[in-house]
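Welcome to a short tour of charged side chains. Open your viewer, show the side chains as sticks, and follow along one selection at a time.

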Amino acid sequence: MEANPRSTGRLPAAFLTPGSSSFIDFLADHSPEMLPGNRKLPEGIVEAPHGTTIVAATFPGGVVLAGDRRATMGNMIAQRDIEKVFPADEYSAVGIAGTAGLAVEMVKLFQLELEHFEKVEGATLSLEGKANRLSTMIRGNLGMAMQGLAVVPLFAGWDEGKEKGRIFSYDVTGGRSEEHGFAATGSGSIFARGSMKKLYRADLTEEQATTLVVQALYDAADDDSATGGPDMARRIFPILTVITEEGFRRLSEAESSGLARSVTERRLEQPDGPRAALL
């Protein structure tokens, strides 16, 4: 009689010899109920915290990905210090907008997907390959999105082959688009994009690029109630990350707070922010 793997404490053979380099495919075969898009929703209207504005900008040598810290639930502030930007692996990151719980779960699954591929194949995915994998995950959440629980991230990273930073945006169906120069997603994205459109230059330094995204988040918070600006009293500042050929780096609290304070102090003199030249 064959021993039950659970009674012996051993994993089934299928778990030890996966037939695919995709962890998502493996999970779909063995525990499909664990995929975010397959969760059963409760009856009636579902109220859940939503993350808001994520912005990104490229510069010669890398890319900056940043997010505000506010999560809302209807007209209420659900959380003031939510984390919205996460490393996907050593050379890429994801900023989440949409239903916060599903988005965080999707990011964790995406991190596992990239790590699983690297261990099985012995090589890392290209940046475009990572972007495509994330697109597949978002498409798998379409059922939830149609019920109001959408996840619309921004993906950015360092492309080792092309030796530059790149940005990818998505829609709720998993449609993927590469953004050039800068991008924004979430409820305050219209205002953030307008801000960056006037201030962005292709020759920005890393410091200027981080200042640009803080300015954009400030403008988004100025016009969108769901986006949180720098909170000096509670010491809550935007999450700022930089990805270069050296890898992913999150700016320290001292760096992000110093930059946010500088922008805020300057806004006391110019409430509408820096002026772009007419010609």
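Start by selecting Arg-166, which is buried, with 2% relative accessible area. Keep in mind that you are looking at a predicted model.

Which residue pairs with Arg-166 in a salt bridge? Add Glu-178 to the selection: its closest approach to Arg-166, N to O, is 2.8 Å. Arg-166 sits in strand β10 (residues 164-170) and Glu-178 in strand β11 (residues 176-179), so this pair links distant parts of the chain, twelve residues apart. Unlike buried Arg-166, Glu-178 is partly exposed at 25%.

Now widen the view with Glu-128, Asp-159 and Arg-176. Together with Arg-166 and Glu-178, they form one network of salt bridges that share partners.

Next stop: Lys-130 and Asp-89. Their closest N and O atoms are 2.6 Å apart in a salt bridge. Lys-130 belongs to helix α5 (residues 127-140) and Asp-89 to strand β6, so the contact ties together parts 41 residues apart in sequence. Is Lys-130 buried or exposed? With a relative accessibility of 5%, Lys-130 is buried, while Asp-89 is partly exposed at 21%.

For the last stop, select Glu-83 and Arg-250. This salt bridge has its closest N and O atoms 2.7 Å apart. Glu-83 is in the loop between β5 (76-79) and β6 (85-89), and Arg-250 is in strand β14 (residues 247-250), so the pair ties together parts 167 residues apart in sequence. Glu-83 is partly exposed at 29%, and Arg-250 is partly exposed at 41%.

If you would like to keep exploring, the structure holds 17 salt bridges.

Conventions
Residues numbered from 1 in each chain as written. Predicted model: local features only at pLDDT ≥ 70, side-chain atom pairs only at ≥ 80, totals over all residues. Heavy atoms only, no water. Salt bridge = Lys/Arg side-chain N within 4 Å of Asp/Glu carboxyl O. Helix = DSSP H or I, 4+ residues; strand = E, 2+ residues; numbered from the N terminus. Buried < 20%, exposed > 50% of the residue type's maximum accessible area, 1.4 Å probe, protein only.
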